[in-house]
Amino acid sequence: MPHNDHILTLSCPDRTGIVYRVSGLLFELGCNILDSQQFGDDESGRFFLRVHFDLPAAVTADSLRERFAPMADTFAMDWQIHDARRKPRLLIMVSKQGHCLNDLLFRVQSGQLHAEIAAIVSNHNDYASLAASYGIPFHHLPVTPDTKAEQEKQVLSLVESEQIDLVVLARYMQILSQDMCQALNGRAINIHHSFLPSFKGARPYHQAHARGVKIIGATAHYVTSDLDEGPIIEQDIERVDHTMTAQELTQVGSDVESLVLARAVRSHVEHRILLNRNKTVVFR
């Protein structure tokens with residue numbers, strides 16, 4: 001029998017009976033729970049739950065939402081039910097460094113990442129041919145300080161017309177405006193080198209090489225109006241040493257950035273991330 005997979009995610013004030021009530025309702029409707037993960041945070045006093053389940057053919061997702069809503073109100077839940085079979089639609093933004101873009105394109109095409117890349121936006125034309133080779137629409141939207149507001153309106157128009165679920169800043173080297181960040185709240189992920197704030201500005205790996213660093217890494221986070229201060233989703237590091245050139249550090253850093261961004265995007269499209277104030281709960 002084909003699966004009718006759905007994913008329930010929720011957070012609410014922590015109290016007894018939450019798992020019992022949720023699993024009981026799913027049982028009443030004939031759902032088969034495939035996987036369940038939970039976390040109670042003593043610090044924030046909130047409870048987080050992700051349940052992956054098989055929905056019977058006789059039960060629609062809308063009817064499940066109707067049955068679930070009264071219980072959600074009782075427990076003051078922030079909740080969503082997702083169709084796990086649907087591929088979330090991505091818009092990737094890139095500038096002149098294409099390693100993260102190339103990695104995501106391959107992962108999606110090869111089926112490693114359950115998503116669909118609906119469009120690529122860049123303020124440069126460098127990767128138009130790469131996008132064409134994958135059959136993905138490429139939108140060259142140059143930006144200057146004078147045209148920034150209009151360019152961002154064009155991006156948001158694409159987000160709406162293409163029904164984009166997630167915007168991925170794959171080394172997009174432009175700072176988004178506060179209005180843009182608010183419009184994409186919870187729907188945009190950025191990747192940066194973990195040298196921030198120690199090595200700001202251009203050529204961070206060359207700065208790191210000059211300082212003789214021993215560990216380099218990358219951080220993926222949700223985009224907020226506070227530059228590079230959004231809730232962290234994923235991080236990783238690699239050890240380096242004195243024998244490596246700045247170019248070799250850059251290559252290692254590019255590899256880490258690609259891996260960390262791919263993990264963050266996968267966690268988002270698989271509905272594994274729940275916000276906990278200015279932090280995230282990421283179920284594996």
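Where is the place of H140? The legends below take up this residue along with other parts of a predicted model.

**View 1. H140 sits in strand 7.** H140 is partly exposed, its relative accessible area being 34%. Beyond its neighbours within four places in sequence, H140 is in contact with S122, N123, H124 and N125. One of these contacts, N123, lies 17 residues from H140 along the chain. The C-alpha atoms of H140 and N123 are 5.8 Å apart.

**View 2. Seven strands form an open sheet.** The strand order is 7-6-5-8-9-10-11. Pairing in the sheet is mixed. Strand 7 (138–140) and strand 11 (232–239) stand at the edges. Each has a single partner strand, so one side of each is left without a neighbour in the sheet. From one strand to the next, the twist averages 20 degrees. Helix 3 (residues 99–109) packs on the sheet. Helix 3 touches strand 5 (89–94), strand 6 (116–122), strand 8 (166–169) and strand 9. The directions of helix 3 and strand 6 make an angle of about 165 degrees.

**View 3. Strand 9 pairs with strand 10.** Strand 9 covers residues 188–193, and strand 10 covers residues 215–222. Their pairing is antiparallel and runs over five bridges. I191 has A220 in strand 10 as its bridge partner. Strands of a sheet pair through backbone hydrogen bonds, either parallel or antiparallel.

**View 4. H221 is a buried residue of strand 10.** The relative accessible area of H221 is 3%. Buried means under 20%, so H221 qualifies. Residues up to four places away in sequence are not counted among its contacts. On that basis, H221 touches A188, I189, N190 and H192. H221 also touches D228, G230, P231, I232 and I233.

**View 5. Helix 7 packs with helix 8.** Helix 7 spans residues 204–211, and helix 8 spans residues 246–269. Their axes are 9 Å apart, at an angle of about 125 degrees. The two helices are therefore oblique to each other. Helix 7 passes helix 8 in a right-handed crossing.

**View 6. Residues of both helices make up the contact of helix 7 with helix 8.** From helix 7 come Y205, H206 and H209. From helix 8 come A246, Q247, L249, T250, G253, S254 and E257. By class, the contact residues divide into three nonpolar, six polar and one charged.

How values were computed. Residues are numbered from 1 along each chain as its sequence is written. This is a predicted model: local features need pLDDT of at least 70, side-chain atom pairs count only at pLDDT 80 or more; totals for chains, interfaces and linings use all residues. Side-chain values use heavy atoms; hydrogens and water are left out. Axes are lines fitted to C-alpha atoms, for helices over the stretch in contact, and angles run from 0 to 180 degrees between N-to-C directions. Helices (H or I, at least four residues) and strands (E, at least two) are DSSP runs, numbered from the N terminus. Angles under 35 degrees count as roughly parallel, over 145 as roughly antiparallel, 65 to 115 as roughly perpendicular and the rest as oblique. A crossing is left-handed if the near helix is turned anticlockwise from the far one by less than a right angle, and right-handed if clockwise. Contact means heavy atoms within 4.5 Å. Ala, Val, Leu, Ile, Met, Phe, Trp, Tyr, Cys and Pro count as nonpolar, Asp, Glu, Lys and Arg as charged, and the others, Gly among them, as polar. Two strands pair if DSSP finds at least two bridges between them. Buried means under 20% relative accessible area, exposed over 50%, partly exposed in between (1.4 Å probe, protein chains only).
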